[in-house]
Amino acid sequence: MTKQEALFEYTLRAGDDSLILGQRLSEWCGHGPVLEEDIAMTNIALDLIGQATSLLAYAAEVEGKDRDEDQLAFLRYEKEYKNLLLVEHPNIDFGVTMARQFLFDVFHYHFFKELTQSSDSQLAAIAEKSLKEVTYHVKHSSEWIIRLGDGTEESHTRIQQAVNDLWEYTGEMFVMDQVDEIMIAEGVGVDLARIKTIWHDHVQQVFERATLTMPEYGYMQLGGRQGRHTEYMGYLLSEMQYMQRAYPNMQW
Amino acid sequence: MTKQEALFEYTLRAGDDSLILGQRLSEWCGHGPVLEEDIAMTNIALDLIGQATSLLAYAAEVEGKDRDEDQLAFLRYEKEYKNLLLVEHPNIDFGVTMARQFLFDVFHYHFFKELTQSSDSQLAAIAEKSLKEVTYHVKHSSEWIIRLGDGTEESHTRIQQAVNDLWEYTGEMFVMDQVDEIMIAEGVGVDLARIKTIWHDHVQQVFERATLTMPEYGYMQLGGRQGRHTEYMGYLLSEMQYMQRAYPNMQW
Amino acid sequence: MSEKDSIELQKQFQAKIEADIKIEPKDWMPDDYRKTLIRQITQHAHSEIVGMLPEGNWITRAPNLRRKAVLLAKVQDEAGHGLYLYSAAETLGADREESIDDMHTGKAKYSSIFNYPTLSWADMGAIGWLVDGAAIMNQVPLCRTSYGPYARAMVRVCKEESFHQRQGYEIMTTLANGTPIQKEMAQDALNRFWWPALMMFGPSDANSKHTAQSMAWKIKRHTNDELRQKFVDATVPQAHLIGLTIPDADLKFNEETGHWEFGEINWEEFYNVIKGNGPCNKKRIDDRRKAKENGMWVREAARAYADKQKERMKKAG
Amino acid sequence: MSEKDSIELQKQFQAKIEADIKIEPKDWMPDDYRKTLIRQITQHAHSEIVGMLPEGNWITRAPNLRRKAVLLAKVQDEAGHGLYLYSAAETLGADREESIDDMHTGKAKYSSIFNYPTLSWADMGAIGWLVDGAAIMNQVPLCRTSYGPYARAMVRVCKEESFHQRQGYEIMTTLANGTPIQKEMAQDALNRFWWPALMMFGPSDANSKHTAQSMAWKIKRHTNDELRQKFVDATVPQAHLIGLTIPDADLKFNEETGHWEFGEINWEEFYNVIKGNGPCNKKRIDDRRKAKENGMWVREAARAYADKQKERMKKAG
């Protein structure tokens, strides 16, 4: 694998995380539990779609095959999407949505924080801009984890269950392969092993304030980074890609 | 409008009713309230997809534009589908599904019964075959309407509500336009005005046994026959068409 | 309060109105003025909130990343408008949750335009161009409405709406200049939204029961028919510019008056949709009600947590 | 019953088994035989029911009308198999709803293969070809199993399964002969389902705790490893025939034995999926449990109606 190939893949993965989570969040639009949350979730979705746009545009540039960010976002087959399984998980309810968001936001925050130090100036610049956004995302989802965890008995039970159910998808955030190794060696990428510890402590701190129990580290589901997704992904894509698939080669 | 155009449109409408209702029913697969119902609903879906196949194949033949039944089923734009709004209504729960099924089945039964007399031998043959299937469909859904209506207090409330909610979509079954007029004049089509009375009496009889109240005839939603659908239709199509859209011009 | 005092207050109030001095929350105001304002402002707020749904319907299917982002931003703005407007209504003593419940039970209205479905991507263009366009015609005069908080909210709302209107027109322009299938999509959206947009200005003046009093109070500053004409005059040339046809066989330009004369509005449809028979009335209210019900446990948790925190603060001294 | 009688019955029972005379529901049978059968038959029934989900996942997205119909028919058959099998288990005194609850709580198992996701249309081919293929290898001998109702149910099941297997292989053949992207889709499905299909035969004989007793009772008639080898020998040439590659670097044909030798199975994965850690364990059980919960009011209504009808009959008398 060349450096260029690794950089393409690396950027794609980050872009797909933002894209797919942004897509999921935007399903909430107009259905939030309170108007302020409709605004907040839409805002976060907007940030994520913005990040996806920058990252996929850069990935397309690195690839050099004359594709653009929209072709990457809308015209790949399922196997070619490289996002974490966590972010494609369906919304289910506000508790699951916030648990998914929080577990990912903490990762996203520390990932981008490290990435601002990247030797790749484009990635560093995208990370710099994204970090500001993600700082707000973590704050927002942490507050909800605390509110729901330390709220009513019902909300405590529901958010604890949501965290337990999603836990098996968190391990994938820290798995490194050849792509990561090349990127780290080049000073471009982030050492996920280091982030794992930081993530753990950060999550634990919030859980403590939320009176939530940290689940045990059991078997972890993998596959997203290799394009092996959950059964939810196909439905998400058929909806997201519909216009580009049904009306090919048009400007919008 | 030529006779051929009217016949195409007429056959398409009937084909789309079966196709879209078959698609909706098949979403239940593996999620029914009891195993016997999983079998029954899958069976009915299968009948409907079979009818759609015959009708769309015939429509394609009448059209003479070198399209086949699969192209008609999977590669039209939303505006070009001519099914009743009723059949695209989402499943919601078993009550809504059975209410939708029953209201349509009674129509379908009397429609095909009349259509067996069509001067168009192909339509008459399809109607003959379909009538046998639809006879079972009406029996099945009528029994459920009665069971749910005359079952528990909860089931009575739920099925009555489902009927009330869907009622505004029943008027469309009996609206006739130029297509119907040409087809009736040619001895091909069915006089929907006559079916309307028969439908009403049939539905009322079952509702009486089910201890359900016949809703009042108020404002009726129209549009399906002109290709103006509900907001549910786009999602149904993006899922149903996905393979044909994402992998164009392939054999499966 | 004596009758004399009341007459005096009434006089002072009307004098302020005449002098274009804004009425503020703490000022005395006639009960009917307050009620009329609460009705109008919450109705407007409900419209913003319900209005998120038809557009929200296309966010997950937006055809490219830029359009997806712009649509998200637009819907977010609408939620924001809902917030300012509920806040403005609260300065008059209205309760947000009660007002929302009134909408869910059908006691309070929202703009009927949102009871039409969004059936294609072009509808995102048509809504921005026509619906926001019509809304601006209605709302720009409200920036000078007599009640201060409402007028100030409207300044912000109008600024954003006119941005949305331009974005909508730009979507339509792109489609109209696109492939034949895209142009047809745009025309179809215009066909479906044109008449409902004209209906947004409300019944014709002859049948408008609130207009006279609202104009005397300077809550309203133009009649429905005046605004409707203004909208038609502004919009018809925009359609022509991008090669779309207004779906009105009677439409013609009157050289003398300088106005576009248009055909008869189908008022039966208008009243039908208001009465609840539009294609999406039930769906819209169901969706909003379900959002409220599904969010109940979340709001309860937030309240319980806030109470606990207050208690802890108190204990901590 | 005296100890002597019991020994006598036991002897008669074993004699029937030896003579290949079927055991019928009213015959005496050892408790452990009954329990083993109930466990095995309900597990098989659960597998049919859970097995509807991964395939049901592609019905709404089947690429053409014929494939949609065939897939619907297949899933309907599976529900039917579930029904016969629960009925066979009921002849042994098992309760269908209790058995189902046992599966929902994890007390009873179903075939682990269904804990893998179906990620592309080709998976409908792979499941038919490999999963039904492996199932047939397991099940054909069960048509001669010692318990009558089970053996008879299996005759019908096997006939339909072998039809499904051919349909699955035909899907794979079509894809393998299709465009490069279709061939890749087929290969990817084979890659994902090959090893899980081999695991369907259960642990290797050395580690199989039930095999010896089940074989003595003629419930089971071949060991896991025998059946697995038979499956590999049958399937490898089928893959080669359509130009697909078995994802096993160690695979090679042994000219002497006439068997295809294959690589080491990842038993860690096998036990992990059984323990509940497969990609879809949670989803499958959640889906089934939700179906049961959401159907509660329907089943209650059906029961209430049936009771009323009985009452009415009695009165009419």
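1. In this predicted model, B:I92 sits in the loop of chain B that runs between α4 (85–88) and α5 (94–115). The residue is not a glycine, yet its phi is positive, at about 55°. Most residues other than glycine have a negative phi. The backbone at B:I92 therefore merits mention here, as a non-glycine position with positive phi.

2. With regard to solvent, B:I92 has a relative accessibility of 60% and so counts as exposed, the cut-off for that class being over 50%.

3. A second non-glycine residue with positive phi is A:N249, where the angle is about 55°. A:N249 belongs to the segment that follows α11 (242–246) in chain A. Its relative accessible area is 78%, so A:N249 is classed as exposed.

4. C:I49 presents a buried site: its relative accessibility is 3%, and the class requires a value under 20%. The residue is part of helix α2 of chain C, which spans residues 31–50.

5. The surroundings of C:I49 include residues of two chains. Leaving aside residues up to four places away in sequence, C:I49 touches C:A79, C:G82, C:Y86 and C:R288, together with A:L35 from chain A. In addition, the C-alpha atoms of C:I49 and C:Y110 are 9.0 Å apart, although 61 residues separate the two along the chain.

Definitions and conventions: Residues numbered from 1 in each chain as written. Chains lettered and ligands numbered in written order. Predicted model: local features only at pLDDT ≥ 70, side-chain atom pairs only at ≥ 80, totals over all residues. Heavy atoms only, no water. Helix = DSSP H or I, 4+ residues; strand = E, 2+ residues; numbered from the N terminus. Buried < 20%, exposed > 50% of the residue type's maximum accessible area, 1.4 Å probe, protein only. Contact = heavy atoms within 4.5 Å.
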